[in-house]
Amino acid sequence: MLDYLIIGLGLAGVSICEQLDKKVATYKVINDTSQTSSIVAGGLYNPVILKRFTMAWNSKSQLEMAGPFYASLEKKFNVTLDHNLSVMRRFASVEEQNMWFEASDKKELSEFLSPKIINNDNPNIDAPFGYGEVLNTGRIDTALLISTYKEFLIEKDRLVQETFSHDDLRLEDDSVHYKSIRAKRIIFAEGFGLSKNPYFNYLPLTSTKGEYLVIKAPKLQETRAIKSSIFLIPWGNDIYRVGATYKWKDTLNAPTETSKIELMMKLEKFLKCDYEVIDQLAGIRPTVTDRRPLVGQHPKYKNAFVLNGFGSRGVLIAPFASKQLVQSIEENKPIHPEMDIVRFIEKFVAN
Ligand SMILES: Cc1cc2nc3c(=O)[nH]c(=O)nc-3n(C[C@H](O)[C@H](O)[C@H](O)COP(=O)(O)OP(=O)(O)OC[C@H]3O[C@@H](n4cnc5c(N)ncnc54)[C@H](O)[C@@H]3O)c2cc1C
């Protein structure tokens, strides 16, 4: 009998496996390719909401935890996952510059917003009002993380590459049974796939589709991530990611022509050199109506758990939320009340 069966190997699944390894727990993961969010993600981590110049929820403590978390994965697999990357907020007006100054003066933000206005020195970018620099930012190579983790699990015979069928799951008081697998507990980390999960589909998970263009722009020569109405993220070898979009109705992972046009129009508002679109990527962010993760125990089936709802901030939230979930199961510690799915108990009762 295994200690855990985990469904899904995106950022949520990987981070759960890591926490379980620390507890020397045994587990298997079942994963398919139905969701792509963690693979197409830009992987940026940045504790500040750059639209409003406010701190993202709980981001300071998440950032403190994320650094050592990804560093330990780099060491474990001997790969580079964490890339130092400055994030420059392009100002659209003097008013925005003033808002930035005001924000950078606030106690909680001063650590993350440089108070200096930085003039643009790249002739291929139009930024007449300059930039504000966000401090303590970077990019995690999430695609490399997931593929490396897959290989690791395959080597340890801990990965089943198939679609989990909820109909074949039997939950008993002290165990869960799925085909030939028996485990003490099951953790669902399915991203937007949760919408098909009959145990947890009472939770208010919604989809926010995101698309990126991958462009080649040899003349651009930019090493920092530029945040205008969209991000321009350097990817090395004259390649950049441009995006992402936010769409709430389309739940398919396929790229669309509409988003391509939207992103090109936004890009051309500040990019002044030639570029070529070489690829387009799409994924569904698992978003929650109250913008907080979904973490915790099923109200009725006490050996079924969920880790989801990371929205657009999976890189920072995953280490924090997974640690809380495992500590709640193994050490009976409380989950942060804003993440605990107990907050939706009325929806379960009404279901
Ligand atoms: C375009 C885009 C850009 C983004 N950029 C950033 C960024 O810069 N920084 C950041 O922090 N976040 C970013 N995000 C958000 C981040 O990607 C998500 O928060 C995160 O990936 C969610 O991880 P997850 O593991 O919960 O879900 P997912 O990545 O969707 O993983 C779920 C896994 O479960 C599998 N699965 C689902 N159902 C089943 C089933 N029935 N059987 C077997 N397997 C199943 C799926 O195939 C998938 O492998 C971005 C997202 C998108 C779409």
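**A three-stranded sheet, three domains and a ligand shell**

In this predicted model, strand β3 is joined by 2 bridges to β10, a strand covering residues 138-140, and the two run antiparallel. One of the residues involved is leucine 44, whose bridge partner in β10 is arginine 139. Zooming out a little, this pair belongs to an open sheet of 3 strands, put together in the order β3-β10-β6 with antiparallel pairing. That leaves β3 (44-45) and β6 (82-84) at the edges; each has a single partner strand, so one side of each has no neighbour in the sheet. As for what sits over the sheet, helix α3, made of residues 59-77, lies across β3, β6 and β10 and runs at about 115° to β6.

On a wider view, the protein splits into three parts: domain 1 (2-41 + 143-204 + 290-350), domain 2 (87-135) and domain 3 (206-285). The centres of domain 1 and domain 2, taken over C-alpha atoms, are 38 Å apart.

Then there is the ligand. Around it are 43 residues, of which Gly8, Gly10, Gly191, Gly193 and Gly314 come nearest. Strand β3 turns up again here, as one of the elements that give two or more residues to this shell; the others are α1 (11-22), β2 (27-31), α2 (37-40), β15 (205-216), β19 (276-288) and α8 (314-331). Sorted by class, the shell has 21 polar, 18 nonpolar and 4 charged residues. Both domain 1 and domain 3 give residues to the shell, so the ligand lies between these two domains.

Methods: Residues are numbered from 1 along each chain as its sequence is written. This is a predicted model: local features need pLDDT of at least 70, side-chain atom pairs count only at pLDDT 80 or more; totals for chains, interfaces and linings use all residues. Two strands pair if DSSP finds at least two bridges between them. Helices (H or I, at least four residues) and strands (E, at least two) are DSSP runs, numbered from the N terminus. Two residues are in contact if their C-beta atoms, placed from the backbone, lie within 7 Å. Axes are lines fitted to C-alpha atoms, for helices over the stretch in contact, and angles run from 0 to 180 degrees between N-to-C directions. Domain bounds come from an automatic or database domain assignment. A residue is near a molecule or strand if its C-beta atom, placed from the backbone, lies within 6 Å of it. Ala, Val, Leu, Ile, Met, Phe, Trp, Tyr, Cys and Pro count as nonpolar, Asp, Glu, Lys and Arg as charged, and the others, Gly among them, as polar.
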